[in-house]
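Student: Hey, can we go through this model together? I'd like to start with the overall fold and then poke at some residues.

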Amino acid sequence: TMVLLVGEIDISVGSILAFTGCLSATLMTQMGLSIPVAFLLTLLLCCVFGLVSGTLTAVLKIPSLIGTLAMQTIIKGFTYLMTGGSSVTGLSDRFKHLGQGFLFGVIPIPLIVMVVMFALGFLLLNRTFLGRRIYAVGGNQEAARLSGIKTRAVVVGTFVVSAVTAGIAGVLMAARLGTGQPSTGSDFAMDVLTATVLGGVTLQGGKGFVLNVFIGSFIIGILSNGLTMCNVPEYWQWIIKGLVFLFAVAMSNLEALMSKK
């Protein structure tokens, strides 16, 4: 959401999800690290990924689509080098509880993490000067620069946030599956983009709200689960999701055109 708000795009989130899931699993099963230490080291590496993607875009002026496409391929390569293409197994039940457990036996732990992350995102974007600067950069980057905002730092920061949140999702996914899967997250970028655009975030930047993205995330989650429960073949699911994404982008562009008129 924050990357789109500054007018950029990050399609490396799927590879980051797969990498962090496998890395956290490897650190715990093969190096014997505790869950908190493995989690923190994984997120630190996510910060590095975000810094690289942000630097490619904001400093070297490589289009974010191209830069994050390259990062997606590079991170995917690192994932398969680390795992040899095999799943990382032997995770403890305590770690699996993060993805499979329930609070009070009712509320799934991943749902709690999701709500907390959205709440933090809402506070950052709507209650802090950083959020105002993100919207300002997305609205008009040159005007924001002339007004004294460090636009490069803002753009890089959004990529770091994107990478870290994808890393958290990757750790939770590994806990939910009970293994580190190098092939996980192949369609994750499409789901993320569809959820954000359905939530009203424009690809041009500067417009969108976290609460709407929260609803968009539920819509894409219900769509994915519903199609699976209805035994819709995976290939048809790809087609349907692609059509939903195109519809969301078309509606967003149409709204932008109408507002200009």
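Tutor: Sure, here is a walk from the overall fold down to single residues. This is a predicted model, where local features need pLDDT of at least 70, side-chain atom pairs count only at pLDDT 80 or more, and totals for chains, interfaces and linings use all residues. Residues are numbered from 1 along each chain as its sequence is written, and side-chain values use heavy atoms, with hydrogens and water left out.

Student: How many helices and strands are there in the protein?

Tutor: There are 12 helices and two strands, taken as DSSP runs numbered from the N terminus (helices H or I, at least four residues; strands E, at least two). Along the sequence the order is α-α-α-α-α-β-β-α-α-α-α-α-α-α.

Student: And why is it called as compact as a globular protein of that length?

Tutor: Because the radius of gyration is 19 Å, close to the 18 Å from the globule rule for 261 residues. That radius is taken over C-alpha atoms, and the rule is 2.2 Å times the number of residues to the power 0.38. The C-alpha trace spans about 55 × 40 × 35 Å along its principal axes.

Student: Which residues have the most contacts inside the largest nonpolar core?

Tutor: Ile 16, Phe 95, Leu 125, Ile 134 and Val 137, in a core of 55 residues. Such a core is a set of buried Ala, Val, Leu, Ile, Met, Phe, Trp, Tyr and Cys residues joined through side-chain atoms within 4.5 Å. Buried means under 20% relative accessible area, exposed over 50%, and partly exposed in between (1.4 Å probe, protein chains only). Helix 9 (residues 151-177) gives the largest share of this core, 13 residues.

Student: What does Ile 134 touch?

Tutor: Not counting residues up to four places away in sequence, Ile 134 touches Met 2, Leu 5, Val 6, Leu 125, Val 154 and Thr 158. Contact here means heavy atoms within 4.5 Å.

Student: Switching topic: how many disulfides does the structure hold?

Tutor: Zero disulfides, counting a pair of cysteine sulfur atoms within 2.5 Å as one. For Cys 22, the nearest cysteine sulfur is that of Cys 46, 12 Å away. Cys 22 is buried, at 0% relative accessibility.

Student: OK, and Ile 107, where does that lie?

Tutor: Ile 107 lies in strand 2 (residues 107-108). Ile 107 is partly exposed, with a relative accessible area of 34%. Leaving aside neighbours within four places in sequence, Ile 107 is in contact with Gly 101, Phe 102 and Ile 112.
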